[in-house]
Structure formats: structure tokens, C-alpha cells
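The following note is offered to a colleague who has the sequence and the model at hand. The points are numbered so that each may be checked separately.

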Amino acid sequence: AVKTAPAETAESLNARAGAAIDAGRFADAVEPLRQALKLKPDYADAHYNLGVALDSLGRQDEAIESFKRATALDPDDSEAQFDLGEALYAKGRYKEAAEAFAHVTRVAQVNAEAFENLGDSYSALKRYAEAAAAYRDAARLKVGDAEVLQKLGFALGRSRQWPEATD
């Protein structure tokens, strides 16, 4: 009798791709993830992992679409929202990046990087008062971080909040 290998599941394909991603073999992760998504199109983790692999391969536009699908399927996945924000920011899509980072700060209120990136997004949009508020939260979580404090001072100055900018 001829034995056939058991068919791979979306979960096993995603796990194989995850191992490739962890090993830095991003190109090796893409095809198994595409196969997993053919088997299970609403698999948020596979969409997220595909976004990570594509982003790491410099394919930001495709990564953004994968991250968007992952976050649509699992809106409270703060890691997917964060990576979506970073990919959007890298493409100069600051308004959308700010929305993604703002979502992360609502879901994971202790994510200092999300607050800092939200401030960076608002600064890029010249929305300095909102940037200052985000940098204040980042500074609260990253006590004494010189870069965050410098960004906060700049945003306060640009938003004409002079007394606080000199404190």
C-alpha cells in the first residue's frame, strides 16, 4: 500500500512559515503563507505573518495590505496594528500611520514605542499639539529618554506651548 503524507493544514503551513521568519528566511515564508490563506482566507495570524515576511523583503505595499487584512480580522491585535503603522509611516502615509498607532495606544496603553511613533506621525503631519501629547505619554513610559524629550520639546515649541517647552 502506498502511504500518502497527510495534507497540510493552514495552521501547520503558518507554523512552518513562522519558523522561517524566526530564522530570518523571509522569502521561504511567503509561499507557505499564501497556501495557508488559500485554505483559510480569514486566518488573521497568517495574514500578519505574510505582512512581516513581505515587509522584511522590502515589499511594503503588499505588506500593508496583509497587515490591513490581519487587523480587519483581529482589530485588537496591537502587534499587527503597530507593524501596519510602521509600514505606512515608511511609505510616507502619515495620516494612516497615526490612525494605526493611535489604535495601538488605546489597546496597549503601555506601549511607549507606539506613543513615540504616534508623535512622529503627527509631527510629519505638522499636527504639533497632538504630537506633543503623544510624546508626553511616551516620555511618561520611557523616563529620561533624551530622544523622546527632545522630540517633545520640539513639538511643544512648534505648537507654541512655550512655558512647558522650556521646563
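1. The nonpolar core. In this predicted model, the largest nonpolar core has 43 residues, and the members that touch the most others are Ala29, Leu33, Phe67 and Leu118. Two of these names return below, Leu118 with helix H7 and Phe67 with an aromatic pair.

2. Surroundings of Leu118. When neighbours within four places in sequence are set aside, the contacts of Leu118 are Ala98, Phe101, Ala102, Thr105 and Ala134. Leu118 is also one of the buried residues of H7.

3. Helix H7. This helix spans residues 112-124 and has 13 residues; from first C-alpha to last it reaches 18 Å, close to the 18 Å expected at 1.5 Å a residue. Of its 13 residues, 11 are buried, so H7 is largely enclosed by the rest of the structure. The buried set includes polar or charged names such as Glu116, Asn117 and Asp120, as well as Phe115 and Tyr122. These buried residues pack against four helices: H5 (78-90), H6 (94-107), H8 (128-141) and H9 (146-158).

4. The ends of H7. At the N-terminal end, Asn111 acts as a cap, with a side-chain oxygen 3.2 Å from the backbone nitrogen of Glu113. After the helix comes Lys126, whose phi is positive. Most residues other than glycine have a negative phi. Lys126 is not a glycine, yet its phi is about 60°. This residue is placed in the loop between H7 and H8, and it is exposed, with a relative accessible area of 60%.

5. Lys142. Is this lysine, in the loop between H8 and H9, buried or exposed? Its relative accessibility is 19%, and because the cut-off for buried is under 20%, Lys142 counts as buried. Apart from neighbours within four places in sequence, Lys142 is in contact with Ala112, Glu113, Glu116 and Val148. Among these, Ala112 and Glu116 are listed with the buried residues of H7.

6. Helix H3. Residues 44-56 form this helix of 13 residues, which reaches 18 Å between its first and last C-alpha, close to the 18 Å expected at 1.5 Å a residue. Here 10 of the 13 residues are buried, so H3 is largely enclosed by the rest of the structure. Tyr48, His47 and Asn49 are among the buried residues. The cover over the buried residues of H3 includes helices H1 (10-22), H2 (26-39), H4 (60-73) and H5. H3 is followed by Gly58, with a positive phi near 80°.

7. Aromatic pairs. The count comes to four aromatic pairs. One of them joins Tyr48 and Phe67 in a tilted arrangement, with 5.8 Å from centre to centre and 40° between the planes. This pair links distant parts of the chain, since Tyr48 belongs to helix H3 and Phe67 to helix H4, 19 residues apart. Tyr48 and Phe67 are both buried. In the pair of Tyr128 and Phe154, the ring centres are 6.0 Å apart and the planes stand at 85°, so the pair is edge-to-face. Tyr128 is in helix H8 and Phe154 in helix H9, so this pair ties together parts that are 26 residues apart in sequence. Tyr128 is buried, at a relative accessible area of 12%, whereas Phe154 is partly exposed, at 47%.

8. A lysine over a ring. Lys40 lies over the face of Tyr43, at 4.6 Å from the ring centre.

Conventions
Residues numbered from 1 in each chain as written. Predicted model: local features only at pLDDT ≥ 70, side-chain atom pairs only at ≥ 80, totals over all residues. Heavy atoms only, no water. Helix = DSSP H or I, 4+ residues; strand = E, 2+ residues; numbered from the N terminus. Expected span 1.5 Å × (residues − 1). Buried < 20%, exposed > 50% of the residue type's maximum accessible area, 1.4 Å probe, protein only. Contact = heavy atoms within 4.5 Å. Polar contact = N/O pair within 3.5 Å; in protein donor to acceptor, adjacent residues only side chain to side chain. Core = buried A, V, L, I, M, F, W, Y, C linked by side-chain atoms within 4.5 Å. Phe/Tyr/Trp six-rings, centres within 6.5 Å; stacked < 30°, edge-to-face > 60°. Lys NZ or Arg CZ within 6 Å of the ring centre and 35° of its normal.
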